Amino acid sequence: MKKYKIAWLPGDGVGVEVLEAARLVLDRISFPAEYLHGDIGWEFWCREGDALPARTVDLLQNVDAALFGAITSKPAKLAHAELLPALQNRGFSYRSPIVRLRQVFDLYICLRPCKAYPGNPLNFRDSIDLTVFRENTEDLYSGVEFYPVPEELSEVLGRCSKPFEPFRHLPGDQYAVSCKINTAAGSERITAAAFEWARQHGRRKVTIVHKANVVRAGDGLFLEKAQQVAARFPEIQMDEANIDAMTMWLLKNPGNYDVLVAPNLYGDIISDLCAQMVGGLGFGCSGNIGSRLGVFEPTHGSAPKYAGLYKVNPIATILAAKMMLEWLGEQEKAQALEGAVAEVIREGAIRTYDMGGSHTTLEMGQAIADKL
Ligand code: IPM
Ligand code: MG
């Protein structure tokens, strides 16, 4: 039997606890894996000036998939915040390791299923079943940013862009520029992934989310490429909507939507909205998927105030583990795992604090494992 190599990346705060709970479940289904611990997170930034040490990148080069807990991306709020100025003086600037991982490994698909499991008291509506495809490497997440703005850049912008005129004479430290970079290839491959997935899963409709009426270059290109892709999938209904209107319509008529595909930042926003409609942070799971590697994670953060309390809901992470199994081709195990989660939710006997109960992270993990 094949033994998978899985990178085990707990990260910070409650990331450690939710991964422990996921392990109870994975061990129960006898998933044949060797788990390899990887260092990642705030602690390594403090100690080594790098939240994603090179040894972790090396590790990820040699695994089949990774399960990731959470990391803190706003270090100023944490313990050791006093170290921040000193580290910055040494030339270190903190960039979220998960965003870097997505870019380093070209994990261009961010897949975020949001399903209302019957019996979850947090469901906005019981019938919701939305799947978000978020572009994961470009857009406002490209990391191409300037503050203060160098004179050369201001000159070029002044020469090439009329709307830049009002900013032209500002001193460089009086404004900032963050580049939203959308490529034709990047827009093509994420929308193709969404339509392919819809086809494989018998889904009826894909909605392209954008703001092309205002962001005419970047989102205009995204929309154009998405429409070209849609033409290759005549059996799937194609729909498109502006991100702002989309948030209203999603709340009003969630049943009108099925698969959503969006550039990075809109995908980030809309996936939180969709996750909240099916229970919020304790239920939002995510797959960062490239052509070789998949890194699976709950979408919640490290929740420093809950760290060590074993209080948070591990279902998001357990569903992320389910996505990992699916991606590895272990469909039977994935289905069994999802079935166990659904049963525990439906019975309602074990509930973490977010669901109105008082069971711990590990009690929830154990209850799910016991259904397997
Ligand atoms: C997410 C998160 C991350 C993001 C943060 C932690 C950098 O919000 O995965 O949705 O913005 O992508
Ligand atoms: Mg987010």
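# Questions on a predicted model

Q: At 26% relative accessibility, does Tyr310 count as buried, exposed or partly exposed?
A: By relative accessible area, buried means under 20%, exposed over 50% and partly exposed in between (1.4 Å probe, protein chains only). Tyr310 is placed in the loop between strand E12 (294–298) and H11; helices (H or I, at least four residues) and strands (E, at least two) are DSSP runs, numbered from the N terminus. At 26%, Tyr310 counts as partly exposed.

Q: What kind of model is this?
A: Residues are numbered from 1 along each chain as its sequence is written, while chains are lettered from A and ligands numbered from 1 in the order in which they are written. Side-chain values use heavy atoms, with hydrogens and water left out, and local features need pLDDT of at least 70, side-chain atom pairs count only at pLDDT 80 or more, and totals for chains, interfaces and linings use all residues, since this is a predicted model.

Q: What is the phi of Tyr310?
A: Most residues other than glycine have a negative phi. Tyr310 is not a glycine, yet its phi is positive, at about 50 degrees.

Q: Which loop holds Asp106?
A: Asp106 also carries a positive phi of about 50 degrees without being a glycine. Asp106 is partly exposed, with a relative accessible area of 33%. Its place is in the loop between helix H5 (97–104) and strand E4 (109–115).

Q: Which peptide bond, with omega near -5 degrees, is cis?
A: Most peptide bonds are trans. Pro148 sits in the loop between E6 and helix H6 (151–160). The cis bond runs from Tyr147 to Pro148.

Q: How much of the 320 Å² of ligand 1 does the protein bury?
A: Eight residues surround ligand 1 (each has a heavy atom within 4 Å of it), and Arg102, Arg112, Arg134, Tyr141 and Asp268 are the closest. A polar contact is a pair of N or O atoms within 3.5 Å; within protein, one must be able to donate a hydrogen and the other to accept it, and residues adjacent in sequence count only if both atoms are side-chain atoms. Ligand oxygen atoms lie 2.7 Å from a polar side-chain atom of Arg112, 2.8 Å from an N or O atom in the side chain of Arg134 and 2.5 Å from a polar side-chain atom of Tyr141. Accessible areas come from the Shrake-Rupley method with a 1.4 Å probe, and of the 320 Å² that ligand 1 exposes when taken alone, the protein buries 77%.

Q: Which residue joins its side chain to that of Thr137 in a polar contact of 2.8 Å?
A: Thr137 belongs to the loop between strand E5 (129–135) and strand E6 (145–146). Thr137 is buried, with a relative accessible area of 13%. Contact means heavy atoms within 4.5 Å, and beyond four places in sequence the contacts of Thr137 include Arg102, Asp106, Ser142 and Asn264. The side-chain partner at 2.8 Å is Glu135.

Q: Which helix gives the largest share of the largest nonpolar core?
A: A nonpolar core is a set of buried Ala, Val, Leu, Ile, Met, Phe, Trp, Tyr and Cys residues joined through side-chain atoms within 4.5 Å. The largest has 61 residues, and Ile6, Leu26, Phe31, Leu67, Phe133, Met324 and Ile368 have the most contacts inside it. With nine residues, the largest share comes from helix H11 (residues 315–328).

Q: Which helices are included in the cover of the buried residues of H13?
A: Helix H13 (residues 361–370) has buried residues Thr361, Met364, Gly365, Ala367, Ile368 and Ala369. Their cover includes helix H1 (15–28), H11 and helix H12 (331–347).

Q: Which side chain is joined to that of Asn313 by a polar contact of 3.3 Å?
A: Asn313 is found in the loop between E12 and H11 and counts as buried at 3% relative accessibility. A polar atom of its side chain lies 2.9 Å from the backbone nitrogen of Ile315. The 3.3 Å contact joins Asn313 to Thr352.

Q: How far apart are the C-alpha atoms of Pro53 and Gly38?
A: Pro53 has its place in the loop between helix H2 (42–48) and helix H3 (54–61). Pro53 is buried, at 2% relative accessibility. Pro53 and Gly38 are 15 residues apart along the chain, and their C-alpha atoms are separated by 9.0 Å.

Q: Is Ala217 buried or exposed?
A: Ala217 lies in the loop between strand E8 (205–210) and helix H8 (218–230). With a relative accessible area of 65%, Ala217 is exposed.
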